[in-house]
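Subject: Handing over the structure

Hello,

Here is the structure I promised to pass on to you. Please open it alongside this email, and then read on for what turned up.

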Amino acid sequence: MADADTRPNVLLVLTDQERYDCSARDGTVADTVETDTIDHLSATGMRFEHAFTPISICSSARASLLTGQFPHGHGMLNNCHEDDALQPNLPPNIPTFAAELDAAGYDCTYTGKWHVGRDQTPDDFGFSYLGGSDKHHDNIDDAFREYRAERGTPIGEAELEDVIYTGDEPRDDGDGTFVAAKTSIDVEETRAWFLAERTIDAIEAHADGDRDSPFFHRADFYGPHHPYVVPEPYASMYDPDEIEPPESYAETYAGKPQVQENYLDYRGVSGFDWDRWAEAIAKYWGFVTLIDDQFGRILDELDERGLTEETVVVHASDHGDFIGGHRQFNKGPLMYDDTYHIPLQVRWPGVTRSGTVCDAPVHLHDLAATFLDIGDVSIPETFDSRSLVPLLENGGDPDALATEWPNSTFAQYHGDEFGLYTQRMVRTDRYKYVYNGPGVDELYDLEADPAELQNLIDHPDYADERRELRTRLIEWMEETEDPNREWVPSVLRAAE
């Protein structure tokens with residue numbers, strides 16, 4: 001008889017556009033937003049304080065997570081569903097963590113949002129897709145649409161209140177981008193509840209099936225990405241009158257790239273006052289709590305099935321959301337922490353120490369190498385990611401590792417539906433430098449100016465820091481074979 005496979009199961013819960021500060025537990029808005037499940041995960045596992053997405057746009061970030069590469073490596077530089085997609089599908093021969101795990105004996109399943117390839121599905125990359133998507137960015141199945149029809153509240157027929165659209169004046173006629181609303185449906189009719197239910201079904205199937213092989217299940221929630229549409233009790237859980245503007249709301253855009261101020265009009269929020277932002281934020285926070293509660297139902301299922309002690313649980317987000325930060329909506333060519341700093345919690349029973357906090361800088365796509373390391377699978381040479389397993393094993397201390405852990409994270413941006421816009425970023429614990437191809441560069445002292453309001457790129461007292469960060473960026477571009485490594489370094493060297 002063959003030896004039983006003792007490798008752990010893995011459950012990845014990925015949210016869509018969730019801000020880091022909602023669950024940071026560091027004296028920010030997390031003291032207001034109720035995230036009991038994520039708090040429990042942090043208390044029983046490890047929370048990463050400095051996790052960052054390699055790019056703040058959905059398809060690109062999700063492709064990086066899948067392939068372990070920065071976007072310029074896998075080539076999906078903007079969203080795949082629009083007509084302007086630079087690459088609508090991932091090249092078929094790029095190694096992915098899911099395909100590697102599948103080949104190594106993991107039973108890989110997937111529920112929820114995909115958004116990585118216009119003509120591809122999770123089934124093309126080693127997963128068995130179990131439903132939960134719809135025609136928003138993906139046309140994988142109509143299960144949720146059918147579910148809602150069976151419950152008597154077809155999609156599109158619910159009553160909406162407190163509706164917010166972008167535009168100079170409050171309106172509910174659909175002329176603009178749909179931002180937020182309260183919906184009349186029950187919690188059991190939300191997509192979040194439905195996706196949790198499909199994930200619970202998957203866990204049940206794994207528990208009742210062949211237990212000789214470990215499982216990897218990925219649950220991708222649609223949210224808290226806009227539109228922030230939530231039912232009661234979540235719609236009125238947070239009082240807009242009690243929400244204070246973030247420090248970055250004082251943004252003037254003085255000394256910043258012109259595109260940032262242009263984006264107020266492009267996104268249709270130049271006419272938003274704080275009262276309207278507060279109403280939208282209240283719905284966003286309600287959406288965060290709604291999803292957190294559904295996440296709790298999933299973890300309860302692991303407990304009930306006796307799988308908690310043998311399952312690694314990971315929560316992360318593809319990127320963040322401005323939702324009023326710097327007076328912006330959604331995301332774009334603005335490399336602020338609002339959209340690049342992401343939540344990341346990992347619980348690995350018997351390995352992670354309860355309540356530990358890791359301050360090592362890590363990338364979202366480091367999870368690709370981490371999953372393979374957990375599964376005792378070799379990490380492909382194509383991966384631009386590092387396994388987090390050594391940090392998980394030693395309590396999150398990068399200084400105690402056998403090899404030096406990088407003290408910087410890097411990111412890039414290439415444009416979305418408004419057109420191309422080249423950006424590169426390097427961030428340390430104190431400083432952030434942003435190279436803006438078409439505009440003025442940016443430099444922020446995050447210790448003195450955590451809201452990133454004052455661009456210090458030309459400040460004489462920061463010349464050494466600017467030079468050092470530019471050198472780091474050049475080295476990273478060369479190491480990762482960034483296609484702009486011939487042009488940008490020469491520009492940066494000339495600027496010094």
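Below I go from the whole chain to the central sheet, and then to some local backbone details.

This is a predicted model, so a word on the ground rules: local features need pLDDT of at least 70, side-chain atom pairs count only at pLDDT 80 or more, and totals for chains, interfaces and linings use all residues. Residues are numbered from 1 along each chain as its sequence is written, and side-chain values use heavy atoms, with hydrogens and water left out.

The whole chain

The protein chain has 13 helices and 18 strands; these are DSSP runs numbered from the N terminus, with helices being H or I of at least four residues and strands E of at least two. Along the principal axes, its C-alpha atoms fill a box of roughly 70 × 55 × 40 Å. The radius of gyration is 22 Å, which agrees with the value near 23 Å for a compact globule of 496 residues. That radius is taken over C-alpha atoms, and the globule rule is 2.2 Å times the number of residues to the power 0.38.

Of the 496 residues, 60% count as buried. Buried means under 20% relative accessible area, exposed means over 50%, and partly exposed is in between, with a 1.4 Å probe and protein chains only. The chain exposes about 19100 Å², and carbon and sulfur atoms supply 43% of that area. Accessible areas come from the Shrake-Rupley method with a 1.4 Å probe, and for residues only the protein chains shown count as cover.

For contacts (heavy atoms within 4.5 Å) between residues at least 6 apart in sequence, 70% join residues at least 24 apart.

On charges, there are 38 positive and 100 negative ones, and their mean positions are 2 Å apart. Lys and Arg count as positive and Asp and Glu as negative, while His and the chain ends are not counted. Each charge is placed at NZ of Lys, CZ of Arg, CG of Asp or CD of Glu.

The eight-stranded sheet

An open sheet of eight strands runs in the order β5-β4-β8-β1-β10-β12-β2-β13, with mixed pairing. The edges are β5 (128–129) and β13 (356–358); each has a single partner strand, so one side of each is left without a neighbour in the sheet. Two strands pair here if DSSP finds at least two bridges between them.

Which strand is a good place to start? I would take β1, residues 9–16, where eight of the eight residues are buried. Both of its faces are covered: Asn9, Leu11, Val13 and Thr15 lie on one side, and Val10, Leu12, Leu14 and Asp16 on the other. Strand β1 runs parallel to β10 (residues 311–317), joined by seven bridges, and threonine 15 stands opposite serine 317 there. Six bridges join β1 to β8, also in parallel, with leucine 12 opposite arginine 218.

Strand β8 (residues 215–224) also runs parallel to β4 (residues 107–112), through six bridges. In that pairing, threonine 109 has histidine 217 as its bridge partner.

Strands β6, β7 and β9

Strand β7 (residues 178–183) is mostly covered, with six of its six residues buried. Four bridges join β7 to β6 in an antiparallel pairing, in which leucine 160 stands opposite threonine 183. Three bridges join β7 to β9 in parallel, and alanine 181 has valine 229 as its bridge partner in β9.

Backbone details to look at

There is a cis peptide bond between glycine 223 and proline 224, with omega about 10 degrees; proline 224 is found in β8. Another cis bond runs from histidine 226 to proline 227, with omega near 0 degrees, and proline 227 lies in the loop between β8 and β9 (228–230).

Two residues have a positive phi although they are not glycines. Aspartate 162, at about 55 degrees, is in strand β6 (residues 160–165) and is partly exposed, with a relative accessible area of 47%. Isoleucine 323, at about 35 degrees, lies in the loop between β10 and α9 (337–340) and is buried, with a relative accessible area of 6%.

Happy browsing, and best wishes
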